[in-house]
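Student: Please take a close look at one helix packing in this protein, and place it in its wider setting.

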Amino acid sequence: MASVGVEQPLVGGRSTSGVVRVGHTVRRPMGPWSPTVHALLRHLADAGFNESPRVIGIDEVGREVLTFMEGEVAADPTWRPGTPAYWPEWLRGVDTVTAHGSLVRRLHEAAASFATDDDGWREHQGRQGRDELVGHGDLGPWNVAYRDGLPTGIIDWDHIEPITPVVDFGLAAWNFVPLGDDRFPDVPQRLRRFCDAYGLSDANTVLVAVHHGRLKRAEHLRFWHRRPARSVGGLSNISASLQWLDSHWDTLAASLTSSTSASPAMAGDTPLAGLLRAGVARWA
Ligand SMILES: Nc1ncnc2c1ncn2[C@@H]1O[C@H](COP(=O)(O)OP(=O)(O)O)[C@@H](O)[C@H]1O
Ligand SMILES: [Mg+2]
């Protein structure tokens, strides 16, 4: 059991209070999903994925003890839903976009061999399906630590959920390119970089994945709000993002490829390639 030392509050998160740093560790409150989170994090460590925290244990007051990921997390404590995400200047370069695409591909490669019968998710009901991996559930710069504009670690794993990797890729593209954000003049080129780094660049697959990723966000709303009025804001944000996607569809498609042979992530007999192909086949 890990013991408690000097605690330094960590602010900047979007939903969890009581996150503290103690030396080289982070202490976070646990929930019914935490045993599954820890199983996934142990699997990722065994698979050689270095950008996830290591599980050290549970401390004497029942908090999870994870390794502190060095770097600067791109989180803004004043952010509110419906407002643009925090993108400091040091995060805006194209090398960061490429690194994001490669990070998500490597995460998916490592997660694709993890299977669980657990069903204690935070924002999901049901067990992992045959075509699904367990995804992070809240991938975006606000949950990534960076050094020199390059990702060093992914934090905040409480929202893990079963999902087809192609839809998780679409969700990640939205947040990591980012899409739907007119502060960036070169969005189509940035999307292409993200996709090439992941290894999935054909327009049809990518844009349907992004579309379905947006719809997946709508499914999460029922876990946030008991009163319908509270969901209206979430749905109108998702609706605005779908409108943005529709009006930019042709421009985005023109920056991508028109053939699946340019999709190395879907080729071969790796677990991830099989899951990606199965996910795309669901749309046929
Ligand atoms: N493993 C970690 N390594 C480094 N910093 C962390 C880690 N976990 C959390 N933090 C810090 O704590 C803040 C809040 O944690 P997070 O898990 O993202 O909470 P929330 O669920 O509220 O978003 C983050 O913005 C980050 O600065
Ligand atoms: Mg967070």
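Tutor: What follows treats one helix pair and then the protein as a whole.

The model is predicted: local features need pLDDT of at least 70, side-chain atom pairs count only at pLDDT 80 or more, and totals for chains, interfaces and linings use all residues. Residues are numbered from 1 along each chain as its sequence is written, while chains are lettered from A and ligands numbered from 1 in the order in which they are written.

Helix H2 (residues 94-111) packs with helix H4 (residues 187-198) at an angle of about 35 degrees, and their axes are 7 Å apart. Axes here are lines fitted to C-alpha atoms, for helices over the stretch in contact, with angles running from 0 to 180 degrees between N-to-C directions. Helices (H or I, at least four residues) and strands (E, at least two) are DSSP runs, numbered from the N terminus.

Residues in contact have C-beta atoms, placed from the backbone, within 7 Å. On the H2 side, these include Val94, Val97, His100 and Arg105; on the H4 side, Arg190, Phe194, Asp196 and Tyr198 are among them. The contact of H2 with H4 comprises seven nonpolar, four polar and four charged residues. Here Ala, Val, Leu, Ile, Met, Phe, Trp, Tyr, Cys and Pro count as nonpolar, Asp, Glu, Lys and Arg as charged, and the others, Gly among them, as polar.

In the wider setting, the protein has seven helices and 10 strands. Its C-alpha atoms fill a box of roughly 55 × 45 × 40 Å, taken along the principal axes. Of the contacts with a separation of 6 or more, 72% join residues 24 or more positions apart.

Technical notes: Contact = placed C-beta atoms within 7 Å.
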